[in-house]
Amino acid sequence: MAGDNTQTLTSSSSTTKSQSTADKAFKGVGNLIKVLPSGTVFIFQFLNPLLTSNGKCHTSNKFLTGALLILCGLSCFFSSFTDSYKGSDGKIYYGIATIKGLYSFSDLNSSSVNLSKYKLRLGDFVHAFFSLLVFGVIAMLDSKIVSCFYPSFESDEKAVNMALPVVVGAIASAVFVVFPYTRHGIGYPYSESKENSSE
């Protein structure tokens, strides 16, 4: 009877450990997904099958898909330097982070809000680089992109296809622990808690 209790405790302990490991893994994946602007990812996922002709590319498809990759990559990079704030009228406004603070696109009363707390930081450049890297890995290992640009890679290098996203994800997650990203710019959802954390 006592042996049964010990076995039950051991199995429940190992189940708890595996659940916490799985929770950490899912949380890490969730944080990686938050690294990329949702609009950019949506546009890529929507246009990719159309432009690649579902992986059966001709020369024109390759040019169009290449243009899509470049535009989406630039969007990921640029979005890292944008932020949002609540104006004096209660509306959400967007702007570009500069050395002096946030440059607002459309708020005529931006002088009534302290935008100097949104200054450009080293973490913005780190985040921009890694969001571009994460997008690049996700895009370049997409099955339609692979079969369009480098079809021999798909069958020859399955180990790389499986390992590269995990390695890049682990490195990016570690970097984002050191440089947490608090901006909520274009393509990122606005958060009330951000307003308090920025102060």
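**Exercise 1: the sheet**

Work out in which order the strands of the open sheet lie, and how they pair.

*Solution.* Start with the whole sheet: in this predicted model, it is open and holds 3 strands. Next, read off the order, which is β1-β2-β3. Last, check the directions: the pairing is antiparallel.

**Exercise 2: the edges**

Explain why one side of β1 and one side of β3 is left without a neighbour in the sheet.

*Solution.* First find the two strands: β1 covers 82–86 and β3 covers 102–104. Then look at their partners. Each of them stands at an edge and has a single partner strand, so one side of each has no neighbour in the sheet. While you're there, look at the twist too: from one strand to the next, it averages 45°.

**Exercise 3: one pair up close**

Find how many bridges link β2 and β3, and which residue of β3 is the bridge partner of Ala97.

*Solution.* Go to β2, residues 92–97. Its antiparallel pairing with β3 runs over 3 bridges. Now pick out Ala97 and step across to β3: there you meet its bridge partner, Leu102.

**Exercise 4: the whole chain**

Describe the chain by its secondary structure, its buried share, its contacts and its surface.

*Solution.* Count the elements first: there are 8 helices and 3 strands. Along the sequence they follow α-α-α-β-β-β-α-α-α-α-α. Now for burial: of the 199 residues, 33% are buried, with under 20% relative accessible area as the cut-off. Then take the contacts with a separation of 6 or more: 64% of them join residues 24 or more positions apart. Finish on the outside, where the accessible surface is about 12100 Å² and carbon and sulfur atoms supply 67% of it.

Key
Residues are numbered from 1 along each chain as its sequence is written. This is a predicted model: local features need pLDDT of at least 70, side-chain atom pairs count only at pLDDT 80 or more; totals for chains, interfaces and linings use all residues. Side-chain values use heavy atoms; hydrogens and water are left out. Helices (H or I, at least four residues) and strands (E, at least two) are DSSP runs, numbered from the N terminus. Buried means under 20% relative accessible area, exposed over 50%, partly exposed in between (1.4 Å probe, protein chains only). Contact means heavy atoms within 4.5 Å. Accessible areas come from the Shrake-Rupley method with a 1.4 Å probe; for residues, only the protein chains shown count as cover. Two strands pair if DSSP finds at least two bridges between them. Axes are lines fitted to C-alpha atoms, for helices over the stretch in contact, and angles run from 0 to 180 degrees between N-to-C directions.
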